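Q: Got a minute to walk through this model with me? I'd like to start with the inside and then move to the surface.

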Amino acid sequence: MMTNSDDLLTFVTVIDSGSISAAAEQRGLTPSAVSRTLTRLEQNLQTTLLNRTTRRMHLTEEGRFLLEHARAIVAQMQAMQETLATRRQSPAGRLRVNAASPFMLHAIVPHIGVFRRNYPHIELQLNTHELNIDLLEQSTDVAIRIGALQNSTLHARHLGNSALKLLASPDYLSRYGTPETVEALEAHTLLGFTQPESLNLWPVRRADTDNQLMTIPDVAASSGETLRQLALAGQGIVCLSDFMTYEDVRHERLIPVLPHLTEKQVQPIHAVYYRNSPLALRIQCFIDFIQKTLSIQPWNGR
């Protein structure tokens with residue numbers, strides 16, 4: 001049977017207080033419970049630690065050896081408990097956040113300065129993947145996911161919504177004309193995603209169908225940010241989320257295409273995380289912060 005830290009603490013308390021009864025009072029135990037702890041320690045370690053009489057206790061050589069190491073172990077345990085208590089009050093430690101690169105660049109990075117000022121003891125790691133990742137495999141504390149969540153064992157916090165729009169640059173539209181119907185898109189260069197295919201389903205419908213338009217991109221990319229840059233460079237028409245294009249539209253770097261035929265379609269945004277025990281304060285603080293921050297963004301919920 002292994003020796004536990006609680007037994008070691010009792011042993012150290014007996015030596016420091018000078019008697020079993022005094023140690024019992026300090027530890028909130030009965031003298032008989034303390035005595036049984038000492039006996040259990042000696043049995044586990046298969047050695048005599050104390051020579052006890054009715055009046056005095058003497059440490060054996062093995063007892064002195066154990067006392068030296070037990071003090072260090074107890075001190076480390078107490079320091080750990082104090083650190084954890086402090087972290088519950090003041091969040092600290094490494095926090096690994098994962099998101100698709102467009103969301104990281106446009107919706108998280110601009111607010112990291114405020115977050116770090118509020119929580120200077122949290123060590124941030126910001127990682128990007130264009131597709132959903134396995135949080136455990138990638139050692140991730142929080143991931144931001146855009147779109148409908150699949151069934152999973154993950155916990156989720158809804159952070160907001162972001163609408164989809166068809167967009168093109170003024171330069172592209174001046175060179176190739178502005179389409180007035182969904183059918184007219186066939187004559188244009190369409191920008192879309194390599195995967196998943198569902199991202200190439202645009203929120204417009206042909207006149208002869210009830211289904212939304214499934215596009216086949218002329219130019220495809222894995223990242224929404226790459227598609228945004230292609231659209232800004234006048235390379236075609238794209239369908240992207242407001243969280244990454246709101247400012248482009250506001251400053252007329254990108255112009256809505258077929259706005260009168262575009263159906264209102266929003267993508268839900270969630271923070272997802274594992275929670276098998278009380279949520280670490282550093283994770284809770286980040287989720288609370290990003291939810292509050294995103295709630296006041298002009299694109300959220302539009």
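A: Here is a short chat about cores, a surface patch and a few single residues.

A: This is a predicted model, so local features need pLDDT of at least 70 and side-chain atom pairs count only at pLDDT 80 or more, while totals for chains, interfaces and linings use all residues. Residues are numbered from 1 along each chain as its sequence is written, and side-chain values use heavy atoms, with hydrogens and water left out.

Q: Which residues touch the most other members in the largest nonpolar core?
A: Leu95, Phe103, Ile108, Val142, Ile144 and Trp299, out of 36 residues. A core here is a set of buried Ala, Val, Leu, Ile, Met, Phe, Trp, Tyr and Cys residues joined through side-chain atoms within 4.5 Å. Buried means under 20% relative accessible area, exposed over 50%, and partly exposed in between (1.4 Å probe, protein chains only).

Q: And which helix gives the largest share of this core?
A: Helix H10, residues 281-295, with 6 residues. Helices are DSSP runs (H or I, at least four residues) and strands are too (E, at least two), numbered from the N terminus.

Q: Switching to serine 169, is this residue buried or exposed?
A: Serine 169 counts as buried, at 2% relative accessibility. Serine 169 sits in the loop between strand E6 (155-168) and helix H7 (170-176).

Q: What does the side chain of serine 169 reach?
A: The backbone nitrogen of tyrosine 172, at 3.0 Å.

Q: Where is valine 109?
A: In the loop between helix H5 (101-108) and helix H6 (112-118). Valine 109 is partly exposed, with a relative accessible area of 40%.

Terms used: Polar contact = N/O pair within 3.5 Å; in protein donor to acceptor, adjacent residues only side chain to side chain.
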